[in-house]
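Colleague: I'd like to learn how to read a few features off a model. Can you take me through them one by one?

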Amino acid sequence: MKIAVGIIHGIGRQESDFHEELALALAERLSLICPEIELVTEGIYWGDITERIEEKLLCKLAPYKLRWDDWIDARGFMISFAGDAIAYQPIPCADNPHPQEFIYTEIHERVARKLQSLASRAGATAPLCLIGHSLGTVVISNYLYDLQNRKLPPRIQSIIAHGNSPLEKGETLSHLFTMGSPIALWTLRYDDFGKPVTVPALKFRHQRVGEWVNFYDKDDVIAYPLKPLSESYNKVVSEDVEVSNPGLMSWTPLGSHGGYFRSVAIQKRICHSLAQMYRILNSQ
């Protein structure tokens with residue numbers, strides 16, 4: 001059985017191979033408990049999109065030094081972290097005659113093309129598991145919300161229509177794993193904390209498989225539980241799981257935020273959930 005796995009990164013400087021260590025760890029662990037599963041993984045890399053405009057800003061600000069720039073690139077660090085979140089903010093189409101130029105849409109196009117690749121490699125009807133970290137959890141939540149509520153722009157709709165697969169349409173979404181997620185902060189835009197995405201897709205809800213698990217480190221100031229937000233979130237999020245991430249600086253807010261991909265507890269939970277899905281589907 002093939003399972004399509006999309007891994008999306010969060011804020012800060014990233015490399016295009018950011019997902020490979022986690023993908024290998026999951027494949028090795030899953031081979032021990034359920035060798036019948038083959039993971040087909042894609043890294044959803046979007047960092048180059050925001051870095052492009054962040055570099056322009058840094059160039060403009062280069063003459064204006066901070067007094068501690070000789071010891072630490074504080075301004076570069078701030079722009080890299082906060083800049084990703086600010087640049088990603090959606091802008092109403094009515095305010096711009098060229099909505100295809102939005103960073104928001106450009107990042108979502110990257111998601112659509114990676115799902116297209118997963119459908120090609122794993123199969124059009126393969127179960128889809130999405131793993132997001134940090135701002136990547138907001139990206140994937142927004143993408144799924146727009147997909148499920150028919151709000152994707154024509155540019156992305158055409159990508160999905162070209163493949164026309166159940167996977168790309170979100171019809172095979174079985175699992176969502178969010179790590180170090182600031183989704184709770186994003187819900188401040190709504191008095192009722194907004195409406196969560198639907199996980200799993202209807203196909204798997206009927207078969208009682210799949211789940212949305214949210215992992216947060218107790219030392220991570222960026223990460224928040226999701227179930228307490230509202231009755232809607234409490235219903236759709238299976239569990240908020242507190243973890244203690246590895247690393248020498250894991251007791252610090254930023255140190256803990258970067259350790260999720262290396263967490264053995266998270267890897268075990270993901271693999272257990274995927275293996276459980278396989279066993280249930282093959283016993284029906």
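Modeller: Sure, strand pairing to start: two strands pair if DSSP finds at least two bridges between them. Helices (H or I, at least four residues) and strands (E, at least two) are DSSP runs, numbered from the N terminus. This is a predicted model, where local features need pLDDT of at least 70, side-chain atom pairs count only at pLDDT 80 or more, and totals for chains, interfaces and linings use all residues. Residues are numbered from 1 along each chain as its sequence is written, and side-chain values use heavy atoms, with hydrogens and water left out.

Colleague: Okay, how many bridges join strand E3 to E4?

Modeller: There are 6, and E3 (residues 128-133) runs parallel to E4. For one pair, take leucine 130, whose bridge partner in E4 is leucine 176. On E4 goes to E5, again parallel, through 5 bridges; methionine 179 has phenylalanine 215 of E5 as its partner.

Colleague: Is strand E4 mostly covered or uncovered?

Modeller: Buried means under 20% relative accessible area, exposed over 50%, partly exposed in between (1.4 Å probe, protein chains only). In E4 (residues 173-179), 7 of its 7 residues are buried.

Colleague: And which way does the chain cross from E5 to E6?

Modeller: A crossover is right-handed if, with the strands pointing away from you, the path from the first strand over the helix to the second runs clockwise. E5 (residues 211-217) and E6 (residues 239-243) pair in the parallel sense over 5 bridges. Between them the chain passes through helix H9 (residues 231-236), and this β-α-β crossover is right-handed.

Colleague: Why is cysteine 34 not bonded to cysteine 271?

Modeller: A disulfide is a pair of cysteine sulfur atoms within 2.5 Å. The closest cysteine sulfur to that of cysteine 34 is in cysteine 271, 9.8 Å away, so it is too far for a bond. Cysteine 271 is in no disulfide either, its nearest cysteine sulfur being that of cysteine 129 at 9.4 Å. Cysteine 34 is buried, at 1% relative accessible area, and cysteine 271 is buried with 1% as well. Searching the whole structure gives 0 disulfides.

Colleague: Last one: which classes of residue make up the lining of the second largest pocket?

Modeller: Ala, Val, Leu, Ile, Met, Phe, Trp, Tyr, Cys and Pro count as nonpolar, Asp, Glu, Lys and Arg as charged, and the others, Gly among them, as polar. This lining has 7 nonpolar, 5 polar and 7 charged residues. Helices H5 (135-148), H6 (154-163) and H8 (202-206) each supply at least two residues of it.
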